[in-house]
Amino acid sequence: MTDNEQITPADAAIVTSGLGTKAPEERELPPTLHEDMDLCLEILRGVLSEYDESLLNTFDTVRQYAVDASAERFSGVLTDTHPERDDLEMAVKTIDAMNLHDAQLLARAFTTYFHLANLCEENYRVSVLHEREAKVDDSLAIDPVNEMTKAYHQLIAEMGPAKAKELLNRLEFHPVFTAHPTEARRKAVEGKIRRIADQLAAYRMLGGSDKKECYRRLYNEIDALFRTSPIALKKPTPVEEADTILDIFDNTLFHTIPMVYRRFDDWVLGDKAGTVEPACPAFFHPGSWIGSDRDGNPNVTAKVSRQVARKFSDHVLAALEEATRNVGRNLTVEAETTPPSDELHTLWNQQKEISERLTSKASLISTKELHRAVMLVMADRLHYTIKRDTDLMYHSADDFLADLRIVQRSLAEAGDKRAAYGPLQDLIWQTETFGFHMVEMEFRQHSVVHARALDDIREHGLHGERGELQPMTVEVLDTFRALGAIQKRNGVKAARRYIISFTKSAKNVRDVYELNRLAFSNPEDAPVIDVIPLFEQLEDLENSVSVLDEMIKIPEVQARLKQTGRKLEVMLGYSDSSKDAGPTSATLALHSAQERIATWAEANDIDLTLFHGRGGAVGRGGGPANRAVLAQPKGSVKCRFKLTEQGEVIFARYGNPVLAIRHVESVAAATLLQSAPSVEKTNTEMTDAFAPMAKKLDEVSHATYLDLLNTPDFAPWFSTVTPLTEVGLLPIGSRPAKRGLGAKSLDDLRTIPWIFSWAQARINLAAWYGLGSACEAFGDLDTMRKAYQEWPLFSTFIDNIEMSLAKTDERIAKMYLALGDRDDLRDKVLHEMELTRRWVLRIVGDEWPLQHRHVLGQAIRIRSPYVDALSVTQVLALRSLRKKVDKEELSKSQQAGFIYLILCTVSGVAAGLQNTG
């Protein structure tokens, strides 16, 4: 794996030990990865043998057929080892002959295999990063492994130290974790995967009895993983969904984010690092929609939002309490060697005034070790903040931070710089990053809901004086009260953003401010809110600037601009724009909107933050985040990058501490670098240079995409040829698959199941449909190749589509399309898939998808056979279920058995393909 060829987490695809033939340019598997994969496969086969020898035999048979079938697929590239037989057909026959129970077990075996495969790949990537770090010459000015240091030094070279420092101090990376249901893996499975990862990492370093014991534990965990249903027993509640964030916070974020800051300081400050004030600002600001995004999710109520906010707050306070206590216990510096400052003595006296009970425990050490005594009292005060003891608690994170800085200054003035800027600085960074709220909760609701609530209030009176208010109206008002309560408890930062889905006009913004006022009898009780318009459909993106022009005339918006130094956030929706207009038009429309909004912001002296509503799948703006940042138009980033992190992407990017550090550094580096004059110049000039090409691609791809969607009865056909209905039954999120605002077709279908379903059918239509026809109409291959080489936006777009095409399979797609009875629609899809594939390969200069991206290409190609086995199982189950249901041949329990089998395959295919939602 080279520096230029990383498998980013959302793109991750493990290079598994397989039985197939290597492609001409394919490399041998790295030995450590090969060993881990062989070990996991050996144990899994042992587990299956112990469970049922016939299951192991079937697993091996289907696996062999699938691997050989995959080789046949690459005819001309790979050598077909059995030209006399159709191996895919053999796999289909083997699976089709199985009874329902055995098919369920086979699906679980392959799903287990993918979890192990993903884990091995993750371990390998971590080991590669460690190896690179070990080879770095620490006398260099730039850490070649740490992209942040490289970006910062490039800024210094292009703009000078003062401007580079100014941009560094502006840096913000704001990932917003959402509850979109694309993580098709249950929490019980995640726990087992973590334990297997720990054992696997240890296994390589052990010997003798210790190694045998480790092997036994691995066996136990893999056995338990296979025997654990991949499908959760029920859909999680929004309060339970919050555990996703708690899990990531505990396992990575709380401890690794200070390491990101520290790693930057170590290189920029050199030997002074840890003995002077830090250079790296606390730029990581996590947000969350979990428990606060009520758009189309009736399960998220005002009560739920309060509960989730309390859950987040109590958890981070407990973590800060423990960290403060640990720092305090180790701060055993004596007054003689490290005399406390007058400021620290004053703080101690204030603590005594607050509570003799708290200070009495620390008073014995106060005369000799005052720094330690003060810190231990601070830890106790955090404990009482959780208990909500008004006399003893901290009333804000800022108050706690102020006390930490007093201790830090005292230590620094006494000459103990290492104590001042060591672990204590880590604690300060943690407080600056997470506050007393952990994540900044962002509320979201559909613009239509606000309009209906105001109509209801005008008709029936605010308190129902002229008739009872609708339940939704009451809930909308209660939402603002919940937001106010969260702010009072955890501070304004904890919840101040209110996002309006489907923003059509400035009136939608006025509606929210009006409802916020109406929710409170006393105007002073109304919370501080920053209303964020969300432009997501093509028409809305085109009208965004005129809406913003009217928005900044609203008195409440003007007041907030004055209070915040003219800061304004605007959100762009990648998902709905893609479903609405197709992937090519959506990409170009979003880029154009960003360009126009950035120009508008500069003209109106607005300090703009663009919020990117991206998913993990290419059809939802997915792909490597760092490349996406560098492709943004001039003035649209300005050292701040905010995006949604969803589904399996959260676990992939933040589940492992080493990979989490790498991801955060990579995105932060790109966010800094996007302001470099050279990057801005390239993006601006290339956008202008290739504008005629973009215009033609946009026009034709949009027309082609709409022609498909507007074909009569397309929506029911789509639900027939994909597992759309079954995906809605998967207990992987609290949100329904439909918005519930009364639409009757694709309009009311959420984008996530739209994309998830096409991915499951191995078609990935949402990522590429329309591009092939557009390229054919434009016809100028040389210009498109030049654009691919020189225009970052087009290069990123084409690379993402090539990766998406690599995960499609025409043979299996035909099996899914055969579930419907529309030859015309089937032919359209297959023709456009072939056309897009041909043009993309010509543009990038590949004979087959990802030919020159060795690691990712090999990864996807070698893992495809195992995904194929699950896909075949899924499509056969869908065919049987629908046929038997139509003929009323199934009992309720038999029907449930088929549904369970399909859901097992959905989970397995999601694990195999990775970025599916």
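**Exercise 1. Find where Arg-388 sits, and work out what is unusual about its backbone.**

Start with the location: Arg-388 belongs to the loop that runs between helix H14 (370-387) and helix H15 (397-413). Helices here are DSSP runs of H or I with at least four residues, strands are runs of E with at least two, and both are numbered from the N terminus. Keep in mind that this is a predicted model, where local features need pLDDT of at least 70, side-chain atom pairs count only at pLDDT 80 or more, and totals for chains, interfaces and linings use all residues. Residues are numbered from 1 along each chain as its sequence is written, and side-chain values use heavy atoms, with hydrogens and water left out.

Next, the backbone: phi of Arg-388 is positive, about 60 degrees, although the residue is not a glycine. Finally, the surroundings: Arg-388 has 29% relative accessibility, so it counts as partly exposed. (Buried means under 20% relative accessible area, exposed over 50%, and partly exposed in between, with a 1.4 Å probe and protein chains only.)

**Exercise 2. Do the phi check again for Lys-638.**

Lys-638 also isn't a glycine, and its phi is positive, near 50 degrees. You'll find Lys-638 in the loop between helix H26 (625-630) and strand E8 (640-645). At 32% relative accessibility, Lys-638 is partly exposed.

**Exercise 3. Is Phe-436 buried or exposed, and which residues does it touch?**

First, place it: Phe-436 is in the loop between helix H17 (423-434) and E3. With a relative accessible area of 5%, Phe-436 is buried.

Then list the partners, where contact means heavy atoms within 4.5 Å. Leaving aside neighbours within four places in sequence, Phe-436 is in contact with residues including Ser-313, Val-316, Leu-317, Leu-382, Phe-400 and Asn-490. Now pick one of these partners: Leu-382 is 54 residues away from Phe-436 along the chain, and their C-alpha atoms are separated by 9.7 Å.

**Exercise 4. Trace the barrel, strand by strand.**

Step one is the overall order: eight strands close into a barrel as E1-E2-E3-E4-E5-E6-E7-E8, with parallel pairing. (Two strands pair if DSSP finds at least two bridges between them.) As a reminder, strands of a sheet pair through backbone hydrogen bonds, either parallel or antiparallel.

Step two is E2 to E3. Strand E2 (residues 287-288) and strand E3 (residues 440-446) run parallel and are joined by two bridges. Gly-287 has Glu-440 as its bridge partner in E3. Helix H11 (residues 302-330) packs on the sheet there, touching E2 and E3, and its direction makes about 160 degrees with that of E3. (Axes are lines fitted to C-alpha atoms, for helices over the stretch in contact, and angles run from 0 to 180 degrees between N-to-C directions.)

Step three is E4. E3 and E4 pair in the parallel sense over five bridges, with Gln-445 opposite Ile-500 in E4. On the other pairing, four bridges join E4 to strand E5 (residues 530-535), again running parallel, and Ile-499 stands opposite Ile-532 in E5.

**Exercise 5. Why is E4 described as largely enclosed?**

Count the buried residues: five of the five residues of strand E4 (residues 497-501) are buried, so the strand is largely enclosed by the rest of the structure. Then check the side chains: Arg-497, Ile-499 and Ser-501 point one way, Tyr-498 and Ile-500 point the other way, and all are buried.

**Exercise 6. Classify the ring pair Tyr-51 and Phe-226.**

You need the criteria before anything else: rings of Phe, Tyr and Trp (its six-membered ring) pair if their centres lie within 6.5 Å, and planes under 30 degrees apart count as stacked, over 60 as edge-to-face and the rest as tilted. The structure holds 29 aromatic pairs. For Tyr-51 and Phe-226, the ring centres are 5.3 Å apart and the planes stand at 80 degrees, so this pair is edge-to-face.

Now look at the span: Tyr-51 is in helix H1 (residues 31-51) and Phe-226 in helix H8 (residues 208-227), 175 residues apart, so the pair links distant parts of the chain. As for cover, Tyr-51 is partly exposed at 34% relative accessible area, while Phe-226 is buried at 1%.
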